[in-house]
Amino acid sequence: MKDLNKIIFVFLLFALFSCKKDPQTSNFDDSEIRDRYFNLEKIGWKSRMYTQKVEDIGFTATEVPVQYYLLKDLGTEDLKMVDSLYEENKRERVMEFTFQQEEEKDLLSKDFTGMEYTDAVKYMSFGLQNDFYVVTSKNDTIQCSGVTYERSYKIAPYQRVLLFFSGIDPNDKIQLIYNDFLFRKGTLKFKFKDPHTPIAL
């Protein structure tokens, strides 16, 4: 939860400061917005997922709607603000990317990365951003604008990062490209297709 709060803080810092409370908010009818978010939640917030397995490592990319993080952080008390922030940030894309070894071994050990554990953690935090990019249906290439590494401190049987991309049409279909230098598994492509695969939170 702390990681999500940090993400929202960085991701929407300027937007939050630019929004002022509307004195008429209490009279605002948010039923249309509420219906829209209810329908999005009904089909599954994390609604676009693609998994590939290379040898003994599974790579899973999940596209998560920006609204999910806004509601997670801001709640549902002021849906007008949530909707306003979404409009300001609707050209942003957020991806969860998960690495998991089939026997749930720690992937950041030297056996898998060929580097010391602390160096592997640093790479996940700072170097991994350069290994991802997105290709849109218009063949535009969008570099990853940021990565947040969710440290599990060897508790969870996987490693997970959040990837951020900017300047993408919200209606555009995308393909995520990952050049795997960390585990040396080559280039992996994740094309998100409809219908979406719903995932329970």
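Here are legends for a few close-up views of this predicted model.

**View 1. The open sheet, strand by strand.** Four strands line up as E5-E4-E8-E9 and make an open sheet. The pairing here is antiparallel. E5 (141-143) and E9 (186-191) sit at the edges with a single partner strand each, so one side of each has no neighbour in the sheet. Going from one strand to the next, the twist averages 25 degrees.

**View 2. Zooming in on E4 and E8.** Strand E4 covers residues 132-136 and strand E8 covers residues 174-180; the two run antiparallel and are joined by five bridges. For a pair to look at, take Phe132, whose bridge partner in E8 is Tyr178.

**View 3. Strand E7, wrapped up by its surroundings.** How many of the seven residues of E7 (residues 159-165) are buried? Seven of the seven are, so the strand is largely enclosed by the rest of the structure. Buried here means under 20% relative accessible area. Both faces are covered: one side carries Gln159, Val161, Leu163 and Phe165, while Arg160, Leu162 and Phe164 are on the other, and these are all buried.

**View 4. The strands that pair with E7.** Strand E3 (residues 93-101) runs antiparallel to E7, with seven bridges joining them. In this pairing, Phe97 stands opposite Val161. Strand E6 (residues 146-150) also runs antiparallel to E7, joined to it by five bridges. Here the pair to pick out is Gly146, which stands opposite Phe164 of E7. Val161 and Phe164 are both buried, and they belong to opposite faces of the strand.

Terms used: Residues numbered from 1 in each chain as written. Predicted model: local features only at pLDDT ≥ 70, side-chain atom pairs only at ≥ 80, totals over all residues. Heavy atoms only, no water. Pairing = 2+ DSSP bridges. Axes fitted to C-alpha atoms, helices over the stretch in contact; angles between N-to-C directions. Buried < 20%, exposed > 50% of the residue type's maximum accessible area, 1.4 Å probe, protein only.
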